[in-house]
Amino acid sequence: MPVGDSFDELLRTYYKGKHLADSISTAEDKWTLLPMFLKVKGLVKQHIDSFNYFIDVDLKKIVKANERVLSDADPQFFLRYLDIRVGTPERLDIESNAEITPNECRLRDLTYAAPIFVDVEYSRGKQVVRKRAVNIGRLPIMLRSNKCVLSGKGEMDMARLNECPLDPGGYFVVNGTEKVILVQEQLSKNRIIVENDAKKGVVQASVTSSTHERKSKTYIISKKGCIYLRHNSIVDDMPIVLVLKAMGIQSDHEILLLVAGTDMVYQDTFSINFEESSKLKVFSQQQALEYLGARVRKQRFIGPMKQRTTVQEALQCLADIVLAHVYVENLNFRPKAMYLAFMTRRVVMAMTDPSLVDDRDYVGNKRLELAGQLLSLLFEDLFKKFNSDMKLNIDKVLKKPNRTEEFDASTLLYTGANLITQGMNRAISTGNWSLKRFKMERAGVTHVLSRLSYISALGMMTRISSQFEKTRKVSGPRALQPSQFGLLCPSDTPEGEACGLVKNLALMTHITTDDEEEPIKKLVFALGAEDATILTGHELYAPGAYIIFINGTLHGLTRFPMKFLRSFRRLRRNGKISEFISIYVNHHHNGVHIATDGGRICRPLIIVENGRSKVTPRYLKSLAAGRTVFEDFLKKGLVEYVDCNEENDAYIAVYEQEITESTTHLEIEPFTLLGAVAGLIPYPHHNQSPRNTYQCAMGKQAIGAIAYNQFLRIDTLLYLMVYPQQPMVKTRTIELIQYDKLPAGQSAIVAVMSYSGYDIEDALVLNKASLDRGFGRCQVFRKYSTILRKYQNGAADRIGDIKRELSKDPENPDELVPIRKHVALQADGLAAVGEKISAGEVYVNKQTPVNTSNAPTLLSDGPPLDEFKDAPMTYKLHDHAYIDKVLVSTSESEQTLIKVLTRQTRRPELGDKFSSRHGQKGVCGIIARQEDMPFSDTGIIPDIIMNPHGFPSRMTVGKMIELLAGKAGVLSGKLQYGTAFGGSKVDDMAKILVDNGFSYSGKDFVTSGITGESLEAYIFFGPIYYQKLKHMVQDKMHSRARGPRAILTRQPTEGRSRDGGLRLGEMERDCLIAYGASQLLLERLMLSSDVHEIDLCEMCGLMGHSNWCTTCQSSKGVVKMKIPYAAKLLIQELLSMNVLARIRLEDVFPYGEK
Amino acid sequence: MPASINRRNVVGVNAETVTNVSSTDFPGHWPGEDHSWNIKHFRRTFKVKFCRNTPLLSQFDLIHTDAAIANTLRRIMIAEVPTLAIESVYVSNNTSIIQDEVLAHRLGLIPLRGDKDALKGLSWYLRGEDPTPHEPTDEDTIVLHLKKTCERNPDAKKTDTNPDKLYTNHHVYASDLVFEPAGCQIKSFGHDPVRAANPDILIAKLRPGQEIDLTMHCIKGIGQDHAKFSPVATASYRLLPDIRIKKPIRGKAADRFAACFPKGVIAVRERKDGEKEAVVDNVRNDTVSREVLRHDEFKGMVELGRVRDHFIFLVESTGQLDADEIFLSAVGTLKAKTINLKRDIYKMLRKQALDAKRARRAENPDAGEEGDAMDTQ
């Protein structure tokens, strides 16, 4: 059970009031599959699955591929890895063997990592030694993965470990910070993509081959009607016929058939290519190889390499580098030649029919790279480096002719362990993925998990970042793709430059991991397919014949594609092959595609056969009773995973009543097409779509509860709401992601009306009494940390005593009291918990030794070791805070770590930002007194008054329905649902309102609180869930009259944190120039900024000083004038570059002239 | 009642608008009618009727007065009737998970009660300026204590998971506030000590080893300053609804008509000819949902309204003062305010007259006429 006990309760609530004997209809209750799905999969299961796959499968594969370490010095020597395992996370300090918990790592700035053990076999002299469980480094462990201490723990255990059971996991704790490896979106590997560049008139097919050894990109391009092969390792574009000949297909006819089949049009288009190779006088394989070998780019090899002939060079290049993913065994080029021919055919097809190009943005052509894959790339690189380093060391030792003792290689294993540990840690903590093998240099792979709110953390775990450049102005990759349906959330994307490039997963998605290809290859033949490699183009492209591709590579041929498809799917539905293997037909180029690779997004759908849903009430009943789980539905073939490509083969009904004869699948629930963050919005299907997108961005800034362990954490900055409430109008998604348990907002009674002039431009009027009673009250926690450093010379930082002075109190003048800066400190030199701390006060009275560099000797006269200077941590913010926690611990490097957490409690004030769940944000414009506010017949006074002008242009009808449903919910004492494409119906809500004596419209008879007379209109009045956003006036308010200046330019500093000035920018300056306010300009730009008086010599135009011109050696023409210091600086800097600037003065209004 | 209603005094309740909101009984509005203020007339017509009166809730009607007066009373009840509430919290120890500020805020909002006369006799606590803060005395400050330590229940079974059985003192309730009378308070609050009005307000939850130890100072304040000083949970009024059936509604339509209103508003009576007819029964029960206006079949048959000078007050006390006392206290405050206003106006007028006289003399000691002319301009 991944999430623990909480899910049981969740499942129970759905059946509250519904007994087992009650009728269950599939139409209404099939959505109960969804919580079951999430129970199995969890919200961030993709990360965890991928990491588990890395630990359990990939790690072993990597070691298998690099299992041998040999020595150049001693041919007898060998070292072989037999196995690799990852242990459980353990602590590095030895004093205690207690299990280390993630929260301890967070608090103590440790890395949550587990040791990697290998079993090795190596030669020592003449014996072969085996060693088990040799530690070769530490691997950061993903929280809630199989190796994590949290896996399989219930709510009680989680509480004992100081962990939040609702925390999704899926991230790492490295040096105390939580790091997420974002999902990366890429174009799929090892697949042919045909593109058309209309401008250049070029059609090209490209494949990014990716194997463990190599990554390379191969292009087949058409230039002026001729087709070439282009590859990085070949200098020129190679005519395709030449390449095919080099691969051993020497007959022109065979080439023609393999590329064009019997189609006359294709043959005509292609035949021109034969000309080129004959022009080059290449007719045989030998000639082709020689021609090619001369043009292969030489690789720089490390170490001695035997000389090869050009033919060998060409063979090696074709076999290993070009299309590296199609393996060549025993120089049998047939499969690779056919692959190349098929690529060429795709180009030829696209040349004759431009509509046959592929869409790069189509979700089916994309693969998602997850933490596991990225880590495995990194680990393989580090492991290779580790082995090659070890080899060098072994060589070094074995080279020595006489050794005193037998060389034991296992000692080297231990010494190199730091390489892997450090490499992993550095990559995850900096986010720089640099892989030497692939020359890959990627920055920003990891991000700090945002703990602003529960939703922001959750949103981060489902985020997908695209490799596409943000600066390019193309709309294609950013646009909403129809193929995203159900896989990627249509609403949740940021605004601005990353719009459409950063996406989020929909609620019910799964990302596949790699599956074995070999059994599928055998299965294809067992299902009656012919081997494609032995066929000619004549048969391959015969009408009615379909080529079977496995992961994009030609494999077999069938004449009965539909039958093949059906039997393949039947096997999958019976659980004989993995449920994540997809199969679909592409009728455009007569292919049956089977995909087993990882990184495809797929989602479960209910199977429909013969016009009937296979999930019947009987199954749902047993699901409700807990007799079956989601996996049983998969095993029984009631539900299956369908990826984007296979979706194209399916005919999916959204609702059960829409099923027809040809329907193949039934949607589990339509609202799952939205993601976790968009799922918070009630009635999103009634809103204008950008509003939902805005809310997705704002939901992440809402202040609320972030985790059950929020008071046990020490975060750099943490915002918490004092009294968060779960929304009155929930959605199913809210329950599924358990937002109702960690909410971020409060239900406010809202009156939609105009009140005073302080509510224009979306400003809100808040009720003072509501604020008095705790509405919108929030807390801000800030962390300040320091390390008591130990220095090389033995000196160390320390915490000093409180300084005291004589009391100023006249009553007891002899008493010693702490000086004002030290009032918050206790005897231990740390601020006391609960103490108020204001600007300028010390909270850690740290002192550093004066001498930190050299150890004092008897002769040296350096400062002694026991002399200290104050280096206190001083509270700098203007607004006071309280000390919430003080933590004293040791870090990994045995240095004392001190963390101080301060707390501020804030009530909303003028200018604080609030937002409803419909992308409608506003700041508080005025805080009105309770008695001044309007009241309804029942005596209810609104918490918030919202201006009605917010509605017409925004068209957030969902907000109005939320109010209605909320009001009905309050009156009937029930929570209402605003689930997308469903939810409580407006008619039902109106009925509840009328039954309770309210108007059906939600509009109430309201009396003014100022005049006491009734208002002349009815007021839309009821509860709406409001979020307080993190932008608060207190953090932004800033003004200055005089203050600090920058040292270099003597201009006022910039920014609130430096108490900077407010800039009169270019545009403001332009206004003043246009207006002609020259004196104002002079004052703003010079006098109030960096005015400086210089002594200028009128004769030479250079600056002097003290009324003396150093150039002219006279004071004759020296005058004083005021210029900006920056100007003076510029002149002097120019001077230093040998550019002389002279200032010549003239009178603007000269004397004596008229 | 309906017969006596002056149609001028009816606020029109239409489907989407409310009309005739303001009163018109002021001089000069109706030609030929005298609406000048008349104490005798007011005394004759003005009525206060109590419908319900319990300590925590009272409902009463104010009939034949202006909205301004009713509203003033409502506003005073919310914002200006003084009560006692916790103002300062001195935390000696608080190891619970609830932070000091939040705890103090929660404590402040707890309604207190105690001997009413003694509370009334309490004087205002004036904070004073910073260098010389005012020392609290027994005349203006009430001191409360709260001390609670949670412990494990030694008798609990090991298998128990219920916190109520596992721990003792793990809930801090408002009833745990302990009054510490000082000086004259010992006598004045002797029979009725200061305590929480609702003893079962949960203040905090504790776990073994956690402790709360605080001293609180309560002072007198008004709702304008902070909502915790407001004596009412709600004090509001609504106008008496008015339903006028213009055409008789008979037969089955009568039942449908009655269903458009809350129970008891419309009665369906049987006429002599055996046909049913809808008649207005108790308009007070109507909630003005305007449901009837949605139905086309009753279009033009009914006119909804509200009586502009009939205010149905609802006052809910938080527990310190009785609901009716709050109202009386509000009336008293209003009276004091008007007296003050009157005095100040007299003062102002006198000063004005004096100033004018002085100015005239100073400006033009011989000819006073011109100065007068200037003034009138």
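Chain A averages a pLDDT of 87, and 94% of its residues score at least 70. Keep in mind that this is a predicted model, so pLDDT tells you how confident the predictor is in each residue. Two stretches of chain A score poorly. Over residues 1-5 of chain A the pLDDT is below 50, although the model still gives this stretch 14 contacts beyond near neighbours in sequence. Residues 12-22 of chain A also stay under 50, with six contacts beyond four places in sequence.

Chain B averages a pLDDT of 90, with 95% of the residues scoring at least 70. Its weak spot is residues 370-377 of chain B, where the pLDDT is below 50 and the model has six contacts beyond near neighbours in sequence. For the complex, the predictor gives an ipTM of 0.92 and a pTM of 0.90.

**Chain A as a whole**

Now for the general build of chain A. The chain has 1154 residues, and 43% of them are buried. Look along it and you'll find 31 helices and 55 strands. Its C-alpha trace spans about 105 × 95 × 85 Å along the principal axes. How do the contacts relate to the sequence? Take the contacts in chain A between residues at least 6 apart in sequence: 69% of these join residues at least 24 apart.

**Two helices side by side**

What do you need to describe a pair of packed helices? The angle between their axes and the distance between those axes do the job. Try it on helix α26 (residues 957-972) of chain A and helix α27 (residues 986-995) of chain A, which pack at an angle of about 45° with their axes 9 Å apart. That angle makes α26(A) oblique to α27(A), because it falls outside the ranges for roughly parallel (under 35 degrees), roughly perpendicular (65 to 115) and roughly antiparallel (over 145). The crossing of α26(A) past α27(A) is left-handed.

Which residues of the two helices meet? From α26(A) come A:Ile961, A:Leu964, A:Ala965, A:Lys967, A:Ala968, A:Leu971 and A:Ser972, while α27(A) brings A:Val986, A:Met989, A:Ile992 and A:Leu993. Sorted by class, this contact has nine nonpolar residues, one polar and one charged.

**A few residues to zoom in on**

Two loop residues are a good place to start. A:Glu894 sits in the loop between β43 (881-890) and β44 (896-906) of chain A. Its phi is near 65°, which is positive in a residue other than glycine. A:Asn1107 has its place in the loop between β54 (1103-1104) and β55 (1118-1124) of chain A. Here too phi is positive in a residue other than glycine, near 60°.

Next, A:Leu1130 is found in helix α31 (residues 1125-1136) of chain A. Its C-alpha atom is 58 Å from that of A:Val357, and the two residues are 773 apart along the chain.

Over in chain B, B:Leu146 belongs to strand β7 (residues 142-149). Set aside its neighbours within four places in sequence, and B:Leu146 is in contact with B:Asp176, B:Leu177, B:Val178, B:Ile212, B:Leu214 and B:Met216. B:Leu146 and B:His170 are 24 residues apart in sequence, with their C-alpha atoms 14 Å apart in space.

Are these residues buried or exposed? Count the other C-beta atoms within 10 Å: a residue is buried with 20 or more, exposed with 12 or fewer, and partly exposed in between. Here is how the four come out.

| Residue | Other C-beta atoms within 10 Å | Class |
|---|---|---|
| A:Glu894 | 9 C-beta atoms | exposed |
| A:Asn1107 | 10 C-beta atoms | exposed |
| A:Leu1130 | 14 C-beta atoms | partly exposed |
| B:Leu146 | 23 C-beta atoms | buried |

**Where the chains touch**

Finally, the interface. How many residues are in contact across it? On one side there are 36 residues of chain B, and on the other 29 residues of chain A. On the side of chain B that touches chain A, the elements giving two or more residues are α2 (67-79), α3 (100-108) and β15 (232-245) of chain B. Which element gives the most? That's α2(B), with seven residues. By class, this side of chain B has 17 nonpolar, eleven polar and eight charged residues.

Methods: Residues are numbered from 1 along each chain as its sequence is written. Chains are lettered from A and ligands numbered from 1 in the order in which they are written. This is a predicted model: local features need pLDDT of at least 70, side-chain atom pairs count only at pLDDT 80 or more; totals for chains, interfaces and linings use all residues. pLDDT is the predictor's confidence in each residue, from 0 to 100. Two residues are in contact if their C-beta atoms, placed from the backbone, lie within 7 Å. Helices (H or I, at least four residues) and strands (E, at least two) are DSSP runs, numbered from the N terminus. Axes are lines fitted to C-alpha atoms, for helices over the stretch in contact, and angles run from 0 to 180 degrees between N-to-C directions. A crossing is left-handed if the near helix is turned anticlockwise from the far one by less than a right angle, and right-handed if clockwise. Ala, Val, Leu, Ile, Met, Phe, Trp, Tyr, Cys and Pro count as nonpolar, Asp, Glu, Lys and Arg as charged, and the others, Gly among them, as polar.
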